[in-house]
Amino acid sequence: MTSNVSIVFAHGLWADGSCFSKVMGPLQAEGYECLASEHALDSLANDVANVRRNVARASNPVLLVGHSYGGTLITNAGIDDRVRGLVYIAALGPDENETSQGQQNNYPKTPIFEHIEVAEDRIWLKKSGVPFFAGDLPEAEQALVWATAMPPVPDLFDQKVDGTAWRTKPSWAIVGTNDQTVQPQLERDSAKRMGAKTFELDSSHVPMLSQPKATLDIIREAAESL
């Protein structure tokens, strides 16, 4: 089977495109074209531009899937006419008058921020912080998460780019009820504001790794609805 929908994935902080490997493989086997946008995390505008480049490279109309800060990216990049829907995984989704940091400032700070280090003009996740990011993964997988953790520049969440795709595009949202990186209530409130079809999973910040089947089912539902 060859699908008439392409799926573009957008990763967040302390991650890279490999964080979607457990869902991309099965989707490719089902005939979906999948692309992972890679982000330097040094400029919101550049990261959004990378997502839009992948949208332009896709062979079909696009479903955008964003994890964490990737939700901000698909919110901005998703205004592209080729984008037909948005999936938010434990993600931010700022409104037109908000930044990523501004949205987070409305909620209590999560435990992971006690396990970061600012050095070389980047925010690094300490090894002690991985359990607050991906604590429901086996230790070996947690080690891989830390090894592939892309660090952002300190002001990344204060940067702003215009575009609020969820105002005009259908959206789906996954809330990680045990998330200790982004507040679960932020995820719930953001999804409600979007009018997103919302699913709650008993997971950490990385349900696409800890509960790939459930995450896959939601992405597939979104893609099939388009």
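Me: What makes up the lining of the second largest pocket by class?

Reply: Nine nonpolar, four polar and three charged residues, where Ala, Val, Leu, Ile, Met, Phe, Trp, Tyr, Cys and Pro count as nonpolar, Asp, Glu, Lys and Arg as charged, and the others, Gly among them, as polar. This is a predicted model, with local features needing pLDDT of at least 70 and side-chain atom pairs pLDDT 80 or more, while totals for chains, interfaces and linings use all residues. Numbering runs from 1 along each chain as its sequence is written, and side-chain values use heavy atoms, without hydrogens and water.

Me: Why is a space called a pocket?

Reply: On a 1 Å grid over the protein atoms alone, a pocket is an open set of points where a 1.4 Å probe fits, with protein on both sides within 12 Å along at least five of seven lines; lining residues have an atom within 4 Å of a point. Here the second largest has a volume of about 210 Å³, the space filled by probe spheres set on the points. Among its 16 lining residues, Ser18, Cys19, Val145, Thr148 and Leu209 are closest to the centre.

Me: And how big is the largest pocket?

Reply: About 420 Å³. Of its 26 lining residues, Trp14, Gln101, Gln104, Phe113 and Phe157 lie closest to the centre. That lining has 17 nonpolar, seven polar and two charged residues.

Me: What makes helix α3 largely enclosed?

Reply: Eight of the eight residues of α3 (70-77; a DSSP run of H or I, at least four residues) are buried (under 20% relative accessible area, 1.4 Å probe, protein chains only), so the rest of the structure largely encloses this helix.

Notes
Buried < 20%, exposed > 50% of the residue type's maximum accessible area, 1.4 Å probe, protein only. Helix = DSSP H or I, 4+ residues; strand = E, 2+ residues; numbered from the N terminus.
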